[in-house]
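Please find below my notes on this structure, set out as numbered points. They may be read alongside the sequence and the 3D view.

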Amino acid sequence: MDKDHKTNFMKKIIFILVFLNFINIDESYAQQEAMNTQFVVNKLFINPGYAGYREQAMVTAIHRSQWLGFKGAPNTQIVSFDTPLKRNELAVGATLWHDKIGPTSRLAVSGDFAYRLRLVNHATLSFGAKASVELFQNNLTALNLTSDYYGQQDESFMTNTRGLFLMNVGFGAFYSKKDHFIGISCPKLLRPRLDKKSNPGYALLSGKQEPTIYFTGGKIWKINKDVSIQPTAIVRATLNAPLSVGIYANVIFLKNFTGGLFYHYQESAGLLFQWQFDKQWKVGYSFDISANALIRTNYGSHELSMIYAMKSKKKRIVYPRYF
């Protein structure tokens, strides 16, 4: 086998291993939520308690192209909306997202509801609930397996899943103050099967969606009137999967420019930039590379974000919303 064939062969092996982690075939469990390095501008995706935090109606759009140059690499699009309701005691939100990795694709919509408690010193504690419905599809027969090189067949990859709807519910709590926040959430509590009972391979497959718990936190340190430092952290915990820890170190300049570095332990490392170019519009970009063996198989990941803040009838917001 020549060098090019060996490289392609190894890529296929790596892809199948990664794919197995996402779809949970034969008792293999791993994190299934779409990766989003700019969660700092889209916390609603993982925490319904975040709804209404910015005190005005917000629309956020994110596109992520992961592992460029890697065939079948993840590709994700997210659009979310949230707004506080009268008196800011209640808030609602909604998210539409699409995620594709290899032969697997998911299209989902979720709704969020939050109850917000006003505490002393401008602190807020918000409790949120999320309900979602997801269209899951799986084209396993399109995969080129390593076993194919030896004329073998794997029964686990001989059936496809079409039009499977997955219902789920989740919760979240979000505490925020002028200079810091803490959040805990689980956007999907249930464990639905990832195959239809009518499929011939139903008895062979035991894949399920596994709940992922998120712990988030961040703080603002003001250096002077023009410069602030914003460290942020996210921890993701999924049953029978390695703990995922991400750390962000951003600098905010003139309240309009944000730039910094981030690192997800043994997953990825990259840089992030955001620009608030007027009172309503904010754009962001991040680039990251794999911090593991996958670095040899792709050219990194790119993520674009755009936020639109609708005009508010409120005369003023008490303090800037950095989170």
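1. In this predicted model, Gly259 is in contact with Ala249, Asn250, Val251, Leu272 and Phe273, when its neighbours within four places in sequence are left aside. Gly259 itself belongs to strand 12. The pair Gly259 and Phe273 deserves a look in the 3D view: 14 residues separate the two in sequence, while their C-alpha atoms are 4.4 Å apart in space.

2. Is Gly259 buried or exposed? Neither word applies, because its relative accessibility is 25%, and a residue counts as buried under 20% and as exposed over 50%. Gly259 is therefore classed as partly exposed.

3. Leu254 may be examined in a similar manner. Its place is in the loop that runs between strand 11 (244–253) and strand 12 (257–264). Leu254 counts as partly exposed because its relative accessibility is 40%. From C-alpha to C-alpha, Leu254 lies 10.0 Å from Gln276, and the two are 22 residues apart in sequence.

4. Gln276 leads to the next topic, the largest pocket, since this residue is listed among those closest to the pocket's centre. The volume of the largest pocket is about 850 Å³. A total of 34 residues line this pocket, and the closest to its centre are Arg54, Gln56, Gln276, Lys279 and Arg321.

5. Which elements give two or more residues to the lining of the largest pocket? They are strand 10 (227–238), strand 11, strand 12, strand 13 (268–276) and strand 15. Strand 13 supplies the largest share, with 3 residues. Sorted by class, the lining comprises 16 nonpolar, 10 polar and 8 charged residues.

6. The interior should be considered as well. The largest nonpolar core has 18 residues, and those with the most contacts inside it are Phe39, Val40, Phe45, Ile46, Trp97, Ile234 and Tyr248. Strand 1 (58–65) and strand 15 (301–309) are the elements that give two or more residues to this core. Strand 15 is also listed among the elements that give two or more residues to the lining of the largest pocket.

7. What does Phe39 touch, not counting residues up to four places away in sequence? The residues are Ile46, Thr216, Thr232, Ala233, Ile234 and Tyr248. Apart from the largest core lies another core of 11 residues, including Leu44, Ala91, Phe174 and Phe181.

Key:
Residues are numbered from 1 along each chain as its sequence is written. This is a predicted model: local features need pLDDT of at least 70, side-chain atom pairs count only at pLDDT 80 or more; totals for chains, interfaces and linings use all residues. Side-chain values use heavy atoms; hydrogens and water are left out. A nonpolar core is a set of buried Ala, Val, Leu, Ile, Met, Phe, Trp, Tyr and Cys residues joined through side-chain atoms within 4.5 Å. Buried means under 20% relative accessible area, exposed over 50%, partly exposed in between (1.4 Å probe, protein chains only). Helices (H or I, at least four residues) and strands (E, at least two) are DSSP runs, numbered from the N terminus. Contact means heavy atoms within 4.5 Å. On a 1 Å grid over the protein atoms alone, a cavity is a set of points where a 1.4 Å probe fits but cannot get out, and a pocket is an open set with protein on both sides within 12 Å along at least five of seven lines; lining residues have an atom within 4 Å of a point. Grid points are joined across faces, edges and corners, and a volume is the space filled by probe spheres set on the points. Ala, Val, Leu, Ile, Met, Phe, Trp, Tyr, Cys and Pro count as nonpolar, Asp, Glu, Lys and Arg as charged, and the others, Gly among them, as polar.
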